[in-house]
Amino acid sequence: MVYPGIEAINVFGGTAYLDVMELAKHRNLNTARFENLLMKEKAVALPYEDPITFGVNAAKPIIDSLSEAEKNRIELLITCSESGIDFGKSISTYIHHYLGLNRNCRLFEIKQACYSGTAGLQMAVNFILSQTSPGARALIIATDISRFLIAEGGDALSEDWSYSEPSAGAGGVALLVGEQPLVFHVDVGANGYYGYEVMDTCRPAPDSEAGDADLSLMSYLDCCEQTFLEYKNRVPGVHYKDTFQYLAFHTPFGGMVKGAHRTMMRKLLKAKSDEIEIDFTQRVKPGMTYCQRVGNIMGATVLLSLASTIDHGYFDTPKRVGCFSYGSGCCSEFYSGIVTAQGQERQRKFRIEQHLNERYRLSLGEYETLFTDNGTVRFGTRNARLDFQLIPGVFASSSGKQRLYLEEISEFHRKYRWIS
Amino acid sequence: MNKQEVFEVVVRTTREVLPDLEEHNFTFNDRLVDLGADSVDRAEIISMVLENLSLSIPRVELTSVKNIGELTEALYAKLQSA
């Protein structure tokens, strides 16, 4: 019997971040309403950061923790992203190169909005379960950034769309999936998936996003319910509260997760508001901590919530975490796995929280500089040289850390440099 | 259930989510967004109205309505075909 699951998770939550309350005030958003959205900080991609640097910087500490022999058994590298840099060549090829992985490895990329990370994880789990290459491992890297150049024009954009700027983050989450799932022991076959065509949010043109906040929220809630009901059909005796000691949600922003949890608790368990509040604090909040500091990182968000749950949960005995993933368009899934104290101990070696604490805090002036000085590398850029000194303080804050950054684009070919 | 009763369920539920509207005199032309409901509030109101009416339909089928009157009409139509 093979037990597949996650052997290690690491997060790269940005080199720089912005306090989003400061942004909300600057944009004249209603601050009382903004408080309810439960956002705190968001990672901001610098011009010399892209989905490749985020992915490599997330995976590098995991790769460094492996022996050469272990590293060479990574035979599947899937990148999961809606921030692709090329319609043909996948991000995974660059990441494979900069991580120095074995060439006997499948490299490709998958897309389904914010569901992509879960799609990657599930494909990896099935690769391990199939035992077509016993002992092989998979590296799944969900990496997404948002330059939040909102698609202009059109009536369908609701006014709530202005709230997408503070929520849109940048980040990468890397998962090592194999047969020794110390960190997250997957419940095999316990998957409720649900998808259908809906036009809620999308990236219809390079470097821009569009969407209907109401439709997206309703679809998220429909899927939250339908995926759990399907999970329940497949797994006898499941109870929304008792079966899962923690819940990790795809977190576009905290307020949405709080609303979804409240709706599920009321509908499935007829719970009253004080009971729901206590349950939210116990089971959901541990998974929201990192999400509130990085922002929505699309395909990687539910995995960021899982990493946050593992770091902030209390695992005196093995506990089951239920994960809800939703990607606009749409596809969604509810699945679960077991986390133990040993797994939490292994995870803490990656010091995810400390890395978030050590990011550079951007001033609003610096943040706006990033978009006005033509610093942004747009989709399809043929030649460019990036200025690492655009914001001088940034490099000082990450001194001593080995990081990959984009140095140059030469005839569409991206060239990166390790900086420490 | 007639249309007026559906409207009353919508009003009661909206007041439950937004207690500040206790004194507000609701009309068919009211828009939830103008009454101070953000997108999370609106989704919550829709979810609770569906529960209160014991209607089991996808929420996304109710996103095209423009005001409380249209919401009432849409819900009433769903109840007739339920």
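In this predicted model, A:Lys270 turns up in the loop that links helix H9 (254-269) to helix H10 (273-288) of chain A. Its backbone is a bit unusual: A:Lys270 is not a glycine, yet its phi is positive, at about 55°. As for its surroundings, A:Lys270 has 9 other C-beta atoms within 10 Å, and because the cut-off for an exposed residue is 12 or fewer, A:Lys270 counts as exposed.

A:Arg351 is another non-glycine residue with a positive phi, here about 45°. This one sits between helix H13 (341-348) and helix H14 (352-357) of chain A, again in a loop. A:Arg351 has 14 C-beta neighbours inside 10 Å and is therefore classed as partly exposed.

A further backbone feature comes at A:Cys330, where the peptide bond from A:Gly329 to A:Cys330 is cis, with omega near -5°. A:Cys330 belongs to the loop between strand S13 (319-327) and strand S14 (331-339) of chain A.

Both of those strands are part of an open sheet in chain A. The sheet has 9 strands with mixed pairing, in the order S5-S4-S6-S8-S1-S9-S14-S13-S12. Strand S5 (106-110) and strand S12 (246-249) of chain A each have a single partner strand, so they form the edges and one side of each has no neighbour in the sheet. From one strand to the next, the twist averages 25°. At the S5 edge, strand S4 (residues 74-80) of chain A runs parallel to S5(A), and 5 bridges hold the pairing. One residue pair there is A:Cys80 with its bridge partner A:Ile110 in S5(A).

Helices lie across this sheet too. Helix H12 (residues 301-312) of chain A crosses strand S1 (5-12), strand S6 (137-145), strand S8 (170-178), S9, S12, S13 and S14 of chain A, and runs at about 150° to S12(A). Helix H8 (residues 213-234) of chain A lies across strand S9 (184-195), S13 and S14 of chain A, at about 125° to S9(A).

H8(A) shows up again where the two chains meet. The contact between them involves 17 residues of chain A and 13 residues of chain B. On the chain A side, helix H2 (31-36), H8 and H9 of chain A are the elements that give two or more residues. H8(A) gives the most, with 8 residues. Sorted by class, the chain A side that touches chain B is made up of 7 nonpolar, 5 polar and 5 charged residues.

Terms used: Residues numbered from 1 in each chain as written. Chains lettered and ligands numbered in written order. Predicted model: local features only at pLDDT ≥ 70, side-chain atom pairs only at ≥ 80, totals over all residues. Helix = DSSP H or I, 4+ residues; strand = E, 2+ residues; numbered from the N terminus. Buried ≥ 20, exposed ≤ 12 C-beta atoms within 10 Å, placed from the backbone. Pairing = 2+ DSSP bridges. Axes fitted to C-alpha atoms, helices over the stretch in contact; angles between N-to-C directions. Contact = placed C-beta atoms within 7 Å. Nonpolar A, V, L, I, M, F, W, Y, C, P; charged D, E, K, R; others polar.
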